[in-house]
Each structure stands twice: as C-alpha cells, then as structure tokens.
Amino acid sequence: MRRWLLQVSAVLAAAALVLAACGGSASDGGSGSGQQGGGQTGDLKRIVVGLQAEPVTLDPHQVTDYNSNRAAQGIFDRLVEFKDESTELEPGLAERWDVSDDGLVYRFYLRQGVTFHDGTPFNAEAVKFSIERQIDPNHPYHDTGEFAYAEFTFGKVREVRVVDEYTVEIELVEPYAPFLAHMAMHSASIVSPAAVEKYGRDFSKNPVGTGPFKFVRWEPGVEVVLEKNEEYWDGAPRVDQVIYRPIIEDQARLTEFEAGALDFIVNIPPDEVARLKASDQYTVLEQPGMHVWYLVFNVTKEPFNKKEVRQAVNYAINKRAIVEELLQNTGVLATGPLPPVVWGYTDDVTQYDYNPDKARELLAQAGYPDGFTVDFWVPESGSGMQQPRAMAAAIQADLRQVGIEMNIQTFEWGTYLDKVLGPVEELPEVFEMSWIGDNGDPDNFLYILLSGDQWPPNGFNMGYYKNEQVDELLRQAQRINDQAERQRLYEEALRLLVEDAPWAWIDHETQIVAMKKSIQGFKLHPTGVFRFENVDVVNN
Amino acid sequence: MRQAGPDLDGERRSGPGVWQRLKRDRWAVASLFVLLAVGVIAVIGPFIAPHDPLETNLSMRLKPPGTPGHLLGTDELGRDVLSRLLHGTRLSVGIGFLAVLMAMAAGVTLGLAAGYYGGFFDALAMRGIDVLMAFPYVLLAIAIIAALGPGLTNAMLAIAIAGIPYYARITRSAVLSVREQEYIEAQRALGSTNRRIVLRHVLPNALAPIIVAATLDVGWMITAAAGMSFLGLGAQPPTPEWGVMLSDGRQFIRVAPHLTLMPGLAIFIVVLALNLLGDGLRDALDPRLKDS
C-alpha cells in the first residue's frame, strides 16, 4: 500500500511540476459552461466576454459596479448618450432638448415610434416612471429595488412633467451644471414600466429596455446572454449574440482567452500585456482611464488628522516605481485625485516626488520622529483595484523606510466594501480604494469623493475629509454653466486638495482590453462600458 | 491482543521494539531525516537567509532562479524567494505542529473523560463533537476568523478547533477498549484514584493510535494553515508564510512559475515526509494493521 502511495505521489508531483512549468496551459475547466467559445459558429456571430466578476443586477437603476454596468449597458438606452470614445453628449432617445435661461428646466423631445423589447411603446410616461421610480418614496414601484445612484444622479430634481406623449420636462431645485451628463449615466436608463410592473423586484433578473441588445437569460455564476434587437431604432447590430461570463481569477480568464473559449477579456495582468500585444492573433486596445487609485486616510483618527503626516506618506511612497515596475506602465502616475483625461485637471499643484528624507522631516514636525504603527485594509481584488495586494506590500515596504509600520489586513471584495462603507468608528487608519468616473464631469470625482457633504452614506468620501474652502468651491462649480469658469474653480479646488493631501494617490489605470482579431470596429469608452452595437465579427 | 498483556507499564517495554521496526522502513527513516533537516532550518533559517525577506527592490522583480545573488529568484516585489522560504519554514511548519498540539490537548482530554467516565457526560461530549464535525473545517474556520479577524494566530486557532473532534474520537475509542482490560480493574481493586488510573494507565496504553494520528495530522494542519493564508484568512502580507507566497505568486504563474513552484514544493516535501513517517510509525506501533 505504501509503494502505491509513493508512486501516486511521484506522479502527482511530476504532473504539478509540468503544469506549473508550462504556465497552466490547460483550461481550468471550472469556469464557463464548457461550450466552445465564440466567433462565428455556423451563421451565428457571437462575442463571449470574460468579466472580472458576476453581475450583481441587470436593473440599470440599481447598478453600482463595473461588471453589472457592462452586462446591462446594451439592453438599455438613455435620453442622451456619450459619444464614442468621449464623454461629450449626443442625442439618444431624446432627439433634441433645450434648457431654460435660468438653467432650471430641461425639456426633452423624444424619439417617436420606439418600442421596448416587450412590445410596449416608449414615451414620456416611461421617462417619468424611470426617474420617479428611483427618487419618489411614494412611487408604487419604489420598493422594487435599492437605488444607490439615485441621490447622486437625480438629487437636484424637483419634478418630472409629461408635457405630451413625446415631450418631457425636468425641473431642478437649483441650477446644476453636470445634470445633462447625469442623464447619460446608467442610472438614467429608460426601463419598460410594463416590465417593472410585471416582474417587480425580479426586474433585475428580467431586464427590458429599448437598447440594441435583448436579454435572453442569466445563469448565475455561468453567463448572461444577450441577443441582437432586430427592431433597434438605430439599426440592428451586426453581432447576433453577446455573452458575458464571470471569471474571477485574472490568470484563469487569460488562459480561457488564449484557449479560445473567450473572445474578449478585461483586466489583463500587467506582466502579460506585452506578450499579448506581440501576438498576431489578438488586438489589444488601450485608453487612458477615468480612474484613480488611492489610499484613503481616515482623518477622524490620529495620526492622519495631521496634514504633515498625510503629506509625508505621499512623499515616502515611490509611486513612479510602482507604476513603471509593478504595474508595467499599465497606468499613469497621478499628481492628484483627478485624472488628466477629465477636464478641470491641472498639474499646477504641489508635487510629491519620491523623497523619504522630506517625509521623515514632516513626520518629525508633526510630532512623530520615530514614526508610528497603523492598520491598513486591503481588498483581495475588485474592479479598478489593479494589483491590490502587491501594491499594498510595495507601499508597506516604502513606508517602513520612514518609520511607518502598516499592519495589512486583507478582505474579500464584497466584505471589504461593506466594511469601508460601515461605521466610521470601525475604520482603520488607512485603506485602499479606487474610483472610476461615471460621466466625465469633475464633479463626479471631486464632489462625490472629497466634499464634506458626501460622507457615507450620501456619497463616497470614505475618509471623512472636510475642507470648508474646497466644499464651497465645489458647490459653486455645480451651480454655474460656464465651463471656463467651472474649470477655474476646479483648478483652485485641486490646488487646495493636493496641498492638503486627504489621500495618497498612486495612478490612473489605463483601460486595457484584448480581443480576437476577428472582432472589428470596437472602440473603448472612457466610462468603461462595452458598446457592441457597431461591432462586427469577421472570420477569415 | 496487546503484547504487553497485563503488564502495568507495557508501553515502556514496547519502546525499543518500535524503533527496531521503524528502522526497517527505509522511507520512514528517510522522512525522519528530511524532517530533522526541516526542523534545523526552522531554527536557524532566519540566520542563514542571504537577504531580508521583506526587503523589496522593484527593479529586480520576477527574476528566475539562478540569478546571481538570488538562488531561487525574486518575487513580484523583488524580494528574495530563498530568504522568504527559509523564514517561512518556522511559521508554516511551526503552525502545523502548534495547531496539532492544541487540538490534541483539547481533543485527548475530552476523549479521555468521555471514554473513561461514559454515561451522560460521554453522550453530551460526543454530541458536541458531532456538531463540530458537521461543519466543514473551512466553513468553521471562516466563521471563527470572521469573529476574530484575519491573522496567523486566529487561523491557527481556527484549524486547531476544527481538529479537536478527530482526537476526541480516536482517544475515546482507544480508551473504551483499554478501560475494560484486567490491569485497569486491578488498579481499581488496589484503590487507585480515577485520576491516577487515567493518567498513568489508560492514557499511556491508548497513546499509540493518537501518536500515529498526530503525525499524519501535522501534514494536514500545515496544508490547512497554508490554505487559510492562501484564501487571505491566515497570515497577512508581507509575512513570508508559504501559503501567502503561493497565493501571491499565482498571479504570476506564467511569467514567474518559480513563485508558486518553490513554496508549493516546500509544502509538498514536508507533508509527504510527515505522511510517510506517520505510515511507518503506524506499522511499527501496531503490526496488526500492516496489511489492512
């Protein structure tokens, strides 16, 4: 019996060695349903997309994460849409619109003859329903979901009025410059009222919109299947099916892609990008992202209630080494909280170039000549988090050089989000976070993330930072429509924020996707959604 | 039939015999040497490591084994893999042994008491053990860690608790057969206290299966602790624990397979040696089991 055990062990060891050595070329088999991957199967044109995680919901009003947003995007339209590759706006379900002189009333003229996938007509009532469902607690269908984005998107809405079948008016409580951009966000998607009435809370699993793709089925843990909407008002898509499959492990996703089971993947490990680019089988697309990766300082607690300490950490981290070596330039170095691709950006701010001596000096000034020890929370993974563990370890090593000891605690992503949005008393001194812009407006970074009005649960200012001067500038910038003036206000706010260092910002991740060469016409969008309506699959 | 028969100190005389039999098993002896070497490394590893296991150097990251100055290469932060493995030996192996000791202490006490006294206490203890056993150990460990927070000590505690039923059951069944022996009856007749009977006579004679179980279990505990760390529930970065190294390395399995291979091999070798030794010990301690 022992000999038998030994032989088995030897065989297993050899197998393990071989497997590891050839870099896991075998498919892991556990993910996906084992079907042969996409491309053209018979006459069917199909794109199988590998997502980072399972969508949480397909109800666009309830979406808060990247993966749900990507899967739900094609099912719906909005009144206004972002143009390809930019956050400039163009007509969507509204053919045109005008704004009253006082900036309070937006009147949208709707496209006629559009129907939802369930055959019911799209009209002004549907628009009113889609907005009021989220913001009116007395709306009969308000209890069909939790609408985390409602306050941000429609917080300034006083009333939605149906003028006639194809005209709708939205009145605001005060002028609010980013409002039109909000109308292009996922939370402003127009849903079929009949379907919400029919499915209730299960609408999130049976989404019905007017978009270029129709929902077919969702097998949790396996895939979300969409098929083309032949009656789409802007012309039917050329692809017959789009399938989204969640594959959590980056390496497993890459392996499935190279084995041919996936046609399109996200979040390629930085050290693998060069190899994919060199291959003639794949197209690798990159675009500077509306993203920022940062450490949140809990300013309610010592020692990060002191500006000098926050600045010291910014000086002590070798951010350039992290971006160039660890991330292999899959991001650009951050000089502040706002990415350079969003207007309002300026690099005329305090520069925190790597300087451990300066950091030690600042720590001594703040009364910590011998440094200190803090708890540091880190997620295992997460959309926009890049390489959370490795980056944490690199930061930890840098800070040890100036006397700051960080006790890393890692959590699974879902648990992590619950914890960092939980009670402030339970927060550690510092933790990792990232943000991906929703609409290209600086308000969507600076106000929601750093204004004193946006402490959780209102917004995502998770370090409970508050600076009266900054708050006033950000509120002012919301109320005026003149972009040059808004630019000036945001630049001013940025200068104050960077000097005050409420975070240690590291980088802005570049959006990178890889796809088979057969997929043609795909363009990345700054908001990170995938638009397959103008994409074709051409096999040679 | 236990060879010692009614001998009151039977286990002592069986000692040399055990060693004679174990010596004949080449694999067990080889494993013993491997484990001795591992033990030595656990003690002196940190002193012979060529580098600080936490020292990062991003310009020297993901170097393959054989790189000058880095015999086993470097990891994703440019840390020396050999130094991390050497430092990790004490942690990863030590956790396995400690967890077994803890589980054994609790489990054996419980099993002894339940088996010897029987009756209501036995029923109560064994139903408690049944409840513990009904939980998959990972689930139990996750629940414990959710309450205590992640960390090496808590992970060790979690797997130790999960291991208690194993020892309680083995001990109890051994005790059940021992307590009916004539020499126990003789002790009772002589007026020995329960405590004396249990500690001096029942336990020593029930020890053989417990030792075998523990030897085999250390390997299991090492794997479980590494598994906890792999899942992010145990040791936290940058601790050079083998499970953490495996977990961090898997993201680089294509460009730097040595990051998973090296800690994987380390765990493999230690656990295999423990299992072979455990096998050998079992045969040596209880020849009747040899062909079963």
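## Helix packing in chain B

Helices (H or I, at least four residues) are DSSP runs numbered from the N terminus, and their axes are lines fitted to C-alpha atoms over the stretch in contact, with angles running from 0 to 180 degrees between N-to-C directions. In this predicted model, local features need pLDDT of at least 70 and side-chain atom pairs count only at pLDDT 80 or more, while totals for chains, interfaces and linings use all residues. Residues are numbered from 1 along each chain as its sequence is written, chains are lettered from A in the order in which they are written, and side-chain values use heavy atoms, without hydrogens and water.

The axes of helix H5 (residues 137-148) and helix H6 (residues 152-178) of chain B lie 9 Å apart and pack at an angle of about 140 degrees. H5(B) and H6(B) are therefore oblique to each other (neither under 35, nor over 145, nor 65 to 115 degrees). Contact means heavy atoms within 4.5 Å; the residues of H5(B) that meet H6(B) include Tyr137(B), Leu140(B) and Ile144(B), and those of H6(B) include Asn154(B), Leu157(B) and Ile161(B). By class, this contact has 12 nonpolar residues, 1 polar residue and no charged residues (Ala, Val, Leu, Ile, Met, Phe, Trp, Tyr, Cys and Pro count as nonpolar, Asp, Glu, Lys and Arg as charged, and the others, Gly among them, as polar).

## Domains of chain A

Chain A is divided into domain 1 (37-74 + 203-287 + 512-537), domain 2 (75-196) and domain 3 (291-510), with bounds from an automatic or database domain assignment. Taken over C-alpha atoms, the centres of domain 1 and domain 3 of chain A are separated by 31 Å. Their contact takes 10 residues from domain 1 and 12 residues from domain 3.

Key. Helix = DSSP H or I, 4+ residues; strand = E, 2+ residues; numbered from the N terminus.
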